[in-house]
Amino acid sequence: MSSNDTPASPPAEPDTLPVDSPFRSERTNRDEAPQYVLPLVVRIEKAAPPARTDALRTAARAVLVMLCDERSVGEGEWARLMRDWQDARIRKVVRRARGAEWRRAAALPGITVTGDEAEVRVFPPVPLDGWPKELAKLQVSGTDLDDPEPPAAPDPSHPVLWLNPELGMSAGKEMAQVGHGAQLAWWELSETERKAWREAGFPLSVATPGPERWRELTVSGLPVVRDAGFTEIAPGSCTVVADHPALRR
C-alpha cells in the first residue's frame, strides 16, 4: 500500500508541523526535488501468513535499519539515493510477495528484516517511475493480515508507534504509516539516542490506544504522521504517533 505524503487538503492543525515537514499540505521545497519512493516487500505465503502486528513492527524496523545501514550514509553506495529521497516527500510503498516472487525480490540489493514470523525486505529508494521490474510486478493489494491472538501490551520503556483507533486501514497501509512514524522519531533523536536504539536492535511496539488516549497523544508534542489521503483514508488524517521515550516531554 502506498503512502504519498502530499496531502490534497490542509491537515486539521497545520501549525503543528515544521516548515520543512514532508507532511505539509502546501507545496514546499521538497516538491522541487526529484521524487523517490522507498519500496518494502512483505512476505505473505498462503499457508503461513505473518501476524498483522508482527508485520507492522518488522516494517517499522526495516525502515530504521535502512536509515542507518553503512551503505545508506556517508559515502555508501545508497547514500545519494537516501539523501535525495529524504530531501523530498518520504514516500513508501508496501507490496507483497510469495514463493518465486519473494525469491526474485530477495535477489535484488536490499535488506531483509525478520520479526517473530514476518519477513520484510526494504530496498534503496527508486524514482517514482523507475521501479525494477521484479518489484513493479508485485501486488499492492492482498496485504490483509490478522492477529491470531491479541497482541501483548506495549512496553512503555521502549518506543511505541500508536495507530489511530478511528481509522480502518489495510495492513499494507499501516505498514507504510508505522514506517513513517519510526522515521520521524529517528529524525528527532540525538546521535547518542540513535546509537542506543540501534545497538539495542530497534526494539519497538505497535499498538492501538483508546480514543481518549489517542487524543492525548496527538497533542503531546510527539511526532505525528498525517496521511496524504490518496488511498483508503481522508487527507490530513493523523495515522500514527511516534512515542519514543527520549522524545516524551
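Three aromatic pairs are counted in this predicted model, where rings of Phe, Tyr and Trp (its six-membered ring) pair if their centres lie within 6.5 Å. Tryptophan 186 and phenylalanine 202 form one such pair, with 5.7 Å centre to centre and 70° between the planes, which is edge-to-face; planes under 30 degrees apart count as stacked, over 60 as edge-to-face and the rest as tilted. As this is a predicted model, local features need pLDDT of at least 70 and side-chain atom pairs count only at pLDDT 80 or more, while totals for chains, interfaces and linings use all residues. Residues are numbered from 1 along each chain as its sequence is written, and side-chain values use heavy atoms, with hydrogens and water left out.

**Aromatic cluster**

- The pair of tryptophan 186 and phenylalanine 202 links distant parts of the chain, 16 residues apart: tryptophan 186 lies in helix α6 (residues 171–188), and phenylalanine 202 in the loop between α7 (191–199) and β8 (205–207). Helices (H or I, at least four residues) and strands (E, at least two) are DSSP runs, numbered from the N terminus.
- Tryptophan 197 and phenylalanine 202 also form an edge-to-face pair, at 5.5 Å centre to centre and with 80° between the planes.
- Ring pairs thus join Trp186, Trp197 and Phe202 into a cluster.
- Tryptophan 186 is buried because its relative accessible area is 6%; buried means under 20%, exposed over 50%, and partly exposed in between (1.4 Å probe, protein chains only).
- Phenylalanine 202, at 3% relative accessibility, is therefore classed as buried.
- Tryptophan 197 is likewise buried, since its relative accessible area is 6%.

**Arginine 95 and serine 141**

- Arginine 95 lies over the face of tryptophan 131, at 4.4 Å from the ring centre. A charge sits over a ring if NZ of Lys or CZ of Arg is within 6 Å of the ring centre and within 35 degrees of the ring normal.
- Serine 141 and arginine 95 are 46 residues apart in sequence, with a C-alpha to C-alpha distance of 7.4 Å.
- Serine 141 belongs to the loop between α5 (133–136) and β7 (160–163).
- With a relative accessible area of 44%, serine 141 is partly exposed.

**Whole chain**

- The protein chain contains eight helices and ten strands.
- Of the 249 residues in the protein chain, 51% are buried.
- Among contacts (heavy atoms within 4.5 Å) with a separation of 6 or more, 77% come from residues 24 or more positions apart.
- The protein chain has an accessible surface of about 11,400 Å², and carbon and sulfur atoms hold 50% of that surface; the area comes from the Shrake-Rupley method with a 1.4 Å probe.
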